[in-house]
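Biologist: Could you take one helix of this model for a close look, and then carry on from there, in one connected account, to the rest of the fold? I would like to follow the reasoning wherever a number is compared with an expectation.

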Amino acid sequence: MLIMKKNTNHTDLGVGKVAAQPGTQTDGHLKVGTMPDGTAVRLPIVLINGKHPGKVLYLQAISDGDELNGIAVVHKIIQTITPEQLHGKIIAVPIVNFHAFHAKQAFNPVDNRKMNRCFPGRRDGTSSERIAYHLFQQAVQQADYCIDLHQGGVQPMIDEVRVRVDEKHTLHGACLELARVFGIGYILDQKGPKGQLAQAAPEIGIPTIDPELGGTHGWDAASIEKGVRGVLNVLQYYNFIAGTPEIPEQQTVVKKFVPILSNEGGFIYYRAELYEQLTAAQPVADICDVFGTVQETITSPVDGIFWSKSIYPMVASGGTIGKIGTPIGYL
Ligand SMILES: [Zn+2]
């Protein structure tokens with residue numbers, strides 16, 4: 001395990017060559033590689049160094065290149081929070097997956113990797129691993145709390161927050177508390193795949209969450225608003241700024257997803273809505289053939305929350321028409 005040097009003193013804040021003295025806000029770029037023509041690959045960095053001492057929040061967006069809601073959340077936060085009001089420091093990275101973002105796709109086209117399987121990165125690794133390495137070394141490690149803004153890709157999904165460390169992890173409680181404070185109402189508490197930032201950062205002692213702000217092409221105003229509220233909740237609850245967080249009294253927690261499969265190929269006419277609490281064997285959708293005749297009614301395989309559905313109205317036999325979050329617990 002790395003030895004952490006926390007930037008909790010009332011000092012300058014720096015990421016690469018970007019630096020902000022106490023009481024100031026600045027932006028700039030961190031070089032993380034080179035394009036074929038020699039142009040620098042640079043990530044945008046925003047630093048808000050509070051007038052008052054306190055902790056460090058790291059906030060990033062667009063780890064998956066087509067998950068764009070997070071950048072609007074970052075914009076709103078960095079345009080709203082002033083150094084005068086801030087106790088502590090904010091490091092914000094509006095775009096993490098440079099190559100994937102420019103290609104308008106989830107994966108980095110240089111190495112065909114998912115960035116959120118590459119943390120904490122490798123100095124001598126593939127393109128995504130190198131970007132993850134520079135970010136982790138120069139920015140993430142300074143944090144006391146870490147928020148990695150995602151969404152359910154471009155597939156319709158509820159707004160939720162994920163905790164990605166195992167229940168036995170020493171930081172599980174702190175991560176779950178951060179998820180509760182974000183306050184979006186729905187939490188997936190399930191150990192994630194290796195290489196997620198929400199696993200790599202807790203490994204060095206930083207509570208981390210992975211909010212999933214709906215699922216859409218482009219921007220979704222309602223999900224963005226929930227994301228902004230979530231970050232403000234975190235800033236208020238952990239005493240970065242004054243104010244009272246708006247945290248729901250009760251939030252739903254699930255441990256896993258169960259896919260809803262279609263037996264027939266055809267067209268999906270949903271009978272259930274996202275967020276709906278379903279019981280096992282409750283109808284979720286009718287599948288019609290190409291002539292519009294109902295061929296079968298798909299039912300929920302388990303009790304749970306209707307968590308995500310298909311972006312396209314058609315499905316082949318054995319295809320997934322959605323996912324159920326289960327079993328339902330409360331926090
Ligand atoms: Zn994602």
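Modeller: The expected span of a helix is 1.5 Å times one less than its number of residues, and that rule is what the helix I have chosen, α3, can be tested against. The model is a predicted one, and every value below is computed from it. Helix α3 covers residues 127-138, which is 12 residues, so at 1.5 Å a residue it should span 16 Å; its end C-alpha atoms lie 17 Å apart, and the two figures agree. As for its surroundings, the residues of α3 that count as buried are S127, S128, E129, R130, I131, A132, L135 and F136. These buried residues pack against three strands, β3 (24-34), β4 (40-49) and β6 (87-93), and against two helices, α2 (98-102) and α5 (197-203).

Helix α6 invites the same treatment. It runs over residues 221-237, 17 in number, and reaches 24 Å from its first C-alpha to its last, close to the 24 Å expected at 1.5 Å a residue. Buried positions in α6 include I224, G227, G230, V231, L232, V234 and L235, with K226 and N233 also among them. What the buried residues of α6 pack against is a set of strands, β5 (52-61), β7 (145-149) and β10 (208-212), together with the helices α1 (69-80) and α4 (172-182). Just after α6, the backbone at N239 takes a positive phi of about 65°.

The strand β7, named above as a packing partner of α6, also leads into a loop worth a look, for V154 is found between β7 and β8 (160-163). A residue needs 20 or more C-beta neighbours within 10 Å to be buried, and 12 or fewer to be exposed; V154 has 17 inside 10 Å, and therefore counts as partly exposed. Once its neighbours within four places in sequence are set aside, V154 is in contact with D66, G215, T216, H217 and I311. V154 and K114, which are 40 residues apart in sequence, are separated by 15 Å in space, C-alpha to C-alpha.

Widening the view, the chain is divided into domain 1, residues 13-237, and domain 2, residues 255-330. Their centres, taken over C-alpha atoms, are 31 Å apart, and the contact between them involves 10 residues of domain 1 and 10 residues of domain 2. On the side of domain 1 that touches domain 2, the classes come to 5 nonpolar, 4 polar and 1 charged residues.

Two open sheets can be followed strand by strand. One has 4 antiparallel strands in the order β12-β19-β17-β14; its edges are β12 (256-261) and β14 (277-278), and because each has a single partner strand, one side of each is left without a neighbour in the sheet. Within this sheet, β17 (residues 304-309) pairs with β19 (residues 320-326) in the antiparallel sense over 4 bridges, and I324 in β19 is the bridge partner of F306. Strand β14 is joined to β17 by 2 bridges, again antiparallel, with L278 standing opposite G304 of β17. As 6 of the 6 residues of β17 are buried, this strand is largely enclosed by the rest of the structure.

The other open sheet, also of 4 strands with antiparallel pairing, has the order β16-β15-β13-β18. Its edge strands, β16 (294-299) and β18 (314-315), each pair on one side only. Strand β13 (residues 266-270) meets β18 over 2 bridges in the antiparallel sense, and G266 stands opposite V315 in β18.

For the chain as a whole, the secondary structure comes to 6 helices and 20 strands, and 48% of the 331 residues count as buried. Of the contacts between residues at least 6 apart in sequence, 68% join residues at least 24 apart. The C-alpha atoms fill a box of roughly 65 × 50 × 35 Å along the principal axes. A compact globule of 331 residues would have a radius of gyration near 20 Å, so the 21 Å of this chain agrees with that expectation.

Terms used
Residues numbered from 1 in each chain as written. Predicted model: local features only at pLDDT ≥ 70, side-chain atom pairs only at ≥ 80, totals over all residues. Pairing = 2+ DSSP bridges. Rg over C-alpha atoms; globule rule 2.2 N^0.38 Å. Contact = placed C-beta atoms within 7 Å. Domains from an automatic or database assignment. Nonpolar A, V, L, I, M, F, W, Y, C, P; charged D, E, K, R; others polar.
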